[in-house]
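Good morning, everyone, and thank you for making room for me today. I would like to walk through a few places in one structure, slowly, for those who have not looked at it before.

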Amino acid sequence: MDPDAALPTRHIDLLTDRLGACLDEGDGPTTARAAVVAVRAGPRSWTAGLARGGAAPPPVTARFLVYSVTKTLTAAALLRLCGRGLIDPDAPLDRWLPDFAAADRITLAQLLAHRAGLRNYGGSPAYHAAVRAGGEPWSEEEFLRHCRAADLFAPPGREFSYSNIGYLLAKRVLERASGLPFAQALERELFGPLALTGWSVPSGRGDLSGLRTGPSPYLGGREGPPADVAALYHPGWVAHGVVAAAAADIAGVLHGLFAGGLLPDALAARMHDSVPVPGTMRGRPWVEPGYGLGLMVERDAQAGPYWGHTGGGPGGSACAYHFPARRPGEEPVTVALLTDGEDNDQAEWMTVEAAEILRG
């Protein structure tokens, strides 16, 4: 990194102290023991490894599973195709999904906004039992069948309902419209133009070797000790695919999308244009949460605005959020924070804390 593009020392000291304190204050089996944070403030950047209790921090190049942050990457790659006229985000998807019975009733925009009337597998006991047993993942068709995907539970566009199955279908659209496998489509549309190489798309158990994961209370279950993610987990249990990446690469993509011109302005604006999400998010920093196209959005004018995504799964949590300039002369800020704990709330609070330091 060019030393002229470094953050001011006072920001680095505050970030190190405050984020380190957040780790030290963590309590319980799901809290993180270590993290890597990457920030972008205008043209400046900074990345650091952090660890609890004076332990050795992870290297800044460590790769973590980013789980549902992958949704933002998928949506952004698809919108790049929309910008070139390859996909109409508001047209029925039967052209791209002829093998999905309800495709003529839903649009890409509805898929990306979780408003397509699709169910999710997050509440399925069968899913969680199979994951914890260390079995082979369901096929795409099995995921769709388990979630009764073709039987929409509500008319498309009527209501928000978070659905990993929707992003399984979005991934299919990306692969078919681009003519490329998922990883190659992400490379061409997002990571390649920014010359970012610290990422991959794990597809098998062996691909988890070398990734940074913590012991997983989720995989261990209620009665057992935390389990070794690399030994038990298969990344195919994330139905829509999962990216593993260094924090700097995730921050780089998000900053490129919203402060670097990687998306045309009109599409970037549409991506973070949101509708309110029903319900409350107790214990999390959200005041008025919304969802755009692959983006979780803070709609409250005082707390935000900001947008990005949180992801979590066995052995890790991931947050990546962009905080646009609020006034003339202020720089846009992007923060990516990846941890080895399963406490998503902790990761979100640390991300917001970092942004407040940078914008304070």
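Let me begin with a term: a residue counts as buried under 20% relative accessible area, as exposed over 50%, and as partly exposed in between. Please also keep in mind that what you see is a predicted model.

With that term in hand, let us turn to Pro-156, which is found in the loop between helix H5, residues 140-146, and helix H6, residues 164-178. Its relative accessible area is 21%, so Pro-156 is partly exposed. If we leave aside the neighbours within four places in sequence, Pro-156 is in contact with Arg-105, Ile-106, Gln-110, Arg-115 and Ala-116. As for His-114, which is 42 residues away from Pro-156 along the chain, the C-alpha atoms of these two residues are separated by 9.4 Å.

The loop between H5 and H6 also holds Arg-148, and here I would ask you to look at the backbone. Most residues other than glycine have a negative phi, and most peptide bonds are trans. Arg-148, although it is not a glycine, has a positive phi of about 45°, and with 47% relative accessibility it counts as partly exposed. Another residue other than glycine with a positive phi is Ala-195, where the value is near 55°; you will find Ala-195 in the loop between helix H7, residues 182-191, and strand E4, residues 199-200, and with a relative accessible area of 64% it is exposed.

Staying with the backbone, where does a cis peptide bond occur? It joins Gly-304 and Pro-305, with omega at about 0°, and Pro-305 lies in the loop between strand E8, residues 296-298, and strand E9, residues 306-313.

Next comes His-240, whose place is in the loop between helix H9, residues 229-232, and strand E5, residues 244-246. Is His-240 buried or exposed? Its relative accessibility is 1%, and so His-240 counts as buried. The side chain of His-240 is joined to that of Lys-71 by a polar contact of 2.9 Å, and, apart from neighbours within four places in sequence, the residues in contact with His-240 include Tyr-67, Asn-164, Tyr-167 and Phe-182.

A second buried residue is Glu-330, with 16% relative accessibility, and it lies in the loop between strand E10, residues 316-323, and strand E11, residues 333-339. A polar atom of the Glu-330 side chain lies 2.6 Å from the backbone nitrogen of Arg-326. Beyond its neighbours within four places in sequence, Glu-330 is in contact with Pro-324, Ala-325 and Arg-359.

Finally, let us look at a pair of helices. Helix H1, residues 9-25, packs with helix H12, residues 344-359, at an angle of about 160°, and their axes are 10 Å apart. Since angles over 145 degrees count as roughly antiparallel, that makes H1 roughly antiparallel to H12, and the crossing of the two is right-handed. On the H1 side the residues that meet H12 are His-11, Leu-14, Leu-15, Arg-18, Leu-19, Cys-22 and Leu-23, and on the H12 side they are Gln-346, Met-350, Glu-353, Ala-354, Ile-357 and Leu-358. Sorted by character, the residues of this contact comprise 9 nonpolar, 2 polar and 2 charged ones.

How values were computed:
Residues numbered from 1 in each chain as written. Predicted model: local features only at pLDDT ≥ 70, side-chain atom pairs only at ≥ 80, totals over all residues. Heavy atoms only, no water. Axes fitted to C-alpha atoms, helices over the stretch in contact; angles between N-to-C directions. Helix = DSSP H or I, 4+ residues; strand = E, 2+ residues; numbered from the N terminus. Parallel < 35°, antiparallel > 145°, perpendicular 65-115°, else oblique. Left-handed = near helix turned anticlockwise from the far one by under 90°. Contact = heavy atoms within 4.5 Å. Nonpolar A, V, L, I, M, F, W, Y, C, P; charged D, E, K, R; others polar. Buried < 20%, exposed > 50% of the residue type's maximum accessible area, 1.4 Å probe, protein only. Polar contact = N/O pair within 3.5 Å; in protein donor to acceptor, adjacent residues only side chain to side chain.
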